[in-house]
Amino acid sequence: MAKLFIIATPIGNLEDLTLRGLRILGEVDGIIAEDTRVTQKLLEHYGIKKSLYTFHQHSLEKETEKIARLLEEGKNLALVTDAGTPGISDPGGKLIEDLLKTMPDLEIIPIPGPNAAITALSVAGFPADHFLFLGFPPHKKGRQTFFREMTEAEPTIVFYESTHRILKALEQMSALENLRERPIVVLRELTKKFETIYRGTAAEILAKLQQEGPRGEFVVVIGPVKILKQKAA
Ligand code: SAM
């Protein structure tokens, strides 16, 4: 039976690919990619030429079937997404879920590497022995509830936000009691040329980003409630 390797790829800096990931990308019979243009750039950087197969959040059954057929024919495949670890707030997990329905014995091998949330936590300076990862806030319906529920969460919280909604997210956070006073870290364009780390309250960071104009990709980390309690004591 063929193997499916789940390979974490860089979140910006193309050098952040593990040696094992690089070796396996060079050895497999084909690569399943979220956006073939993004993956092609990585492969060109490393001089790898491979057949690419696409998949995305709304992949049709027949695309998943095609991948299943290749695996059944004995082709070893790698799955990568546009950035970081497949399955973490991207369509990678759905493909694995669908493949396992028809191929429960499929050998799936994780090749660990970059992830934006973990990278953010590693420099945030908040306790991360226990944290809450919330992915992306909903765009419309449920968005207010998403932030309101954060006010009741005690541990360090991490979530992803897009360029278009980061100001709105900071505004919503700065309007909520039990959230507006918590220290936060906003990490922009991690590992890339314009990497910036903002530290302060939601209102303070909002003012900075309004001045600079928000550009790029963002991770938001919120300090745990116990930091506030320690300060108050
Ligand atoms: N699977 C990816 C991972 O392991 O981190 C996450 C994919 S999710 C579709 C993309 C989101 O992750 C972006 O909108 C942003 O919030 C965050 N992200 C990815 N790369 C980033 C970077 N270099 N700097 C800051 N945030 C990043």
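This report describes the ligand site of a predicted model.

## Basis of the model

Local features require pLDDT of at least 70 and side-chain atom pairs pLDDT 80 or more, whereas totals for chains, interfaces and linings use all residues. Residues are numbered from 1 along each chain as its sequence is written, and side-chain values use heavy atoms, with hydrogens and water left out.

## The shell around the ligand

The ligand is surrounded by 19 residues (each with a heavy atom within 4 Å of it). Ile 11, Asn 115, Tyr 160, Leu 190 and Phe 218 come nearest. The shell comprises 10 nonpolar, four polar and five charged residues (Ala, Val, Leu, Ile, Met, Phe, Trp, Tyr, Cys and Pro count as nonpolar, Asp, Glu, Lys and Arg as charged, and the others, Gly among them, as polar).

Domain 1 (3-111) and domain 2 (116-232) each supply at least three shell residues; their bounds come from an automatic or database domain assignment.

## Polar contacts

Three contacts are described here as pairs of N or O atoms within 3.5 Å. A polar side-chain atom of Tyr 160 lies 2.8 Å from a ligand oxygen atom. Ligand nitrogen atoms are found 2.9 Å from a polar backbone atom of Ile 88 and 3.4 Å from a polar side-chain atom of Glu 217.

Conventions
Polar contact = N/O pair within 3.5 Å; in protein donor to acceptor, adjacent residues only side chain to side chain.
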